[in-house]
Amino acid sequence: MRLRVLGRDDCHLCHDMMADLQVLQRRLSSAHGFEFEFIDMDEASGDEGAVWQTYALKIPVLFDEAGNEICFGRLNEVALLRCLSSVN
């Protein structure tokens, strides 16, 4: 599964969430594995940029590959594992 982390480059909570995701990636087997990308909401443009701006007060926000919000602020490992297990 491919996840997206929406945030800002200068956001320490965003960096914390990405670090937590990397730790979880190493812990999980390949059957429940995932990849993620960081989206800097300040660099997004057009319609996508406008959509991302609606999340400005919630960053970081973790989305699944369908664009559904999994969690925000801090990584909710339970919510993420539930999401991953529903796909596999």
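I take buried to mean under 20% relative accessible area and exposed over 50%, with partly exposed in between (1.4 Å probe, protein chains only). The model is predicted, so I note that local features need pLDDT of at least 70 and side-chain atom pairs count only at pLDDT 80 or more, while totals for chains, interfaces and linings use all residues. Residues are numbered from 1 along each chain as its sequence is written, and side-chain values use heavy atoms, with hydrogens and water left out.

Helix 3. I looked up helix 3, residues 77-87, and found its buried residues to be A79, L80, C83 and L84; helices here are DSSP runs (H or I, at least four residues) and strands likewise (E, at least two), numbered from the N terminus. Seen down the helix axis, these buried residues fall within an arc of 130°, so they line one face of helix 3; the arc is taken from the directions from the axis to the C-beta atoms. The face turned away from that buried side carries the exposed residues V78, R82 and S86.

Packing. I then listed what the buried residues of helix 3 pack against, namely strand 1 (2-7), helix 1 (12-27), strand 3 (61-63) and strand 4 (69-72), where contact means heavy atoms within 4.5 Å.

L24. I found L24 in helix 1, buried with a relative accessible area of 1%. Not counting residues up to four places away in sequence, L24 touches F34, E77 and L80. I also noted that L24 and F36 are 12 residues apart in sequence and 12 Å apart in space, C-alpha to C-alpha.
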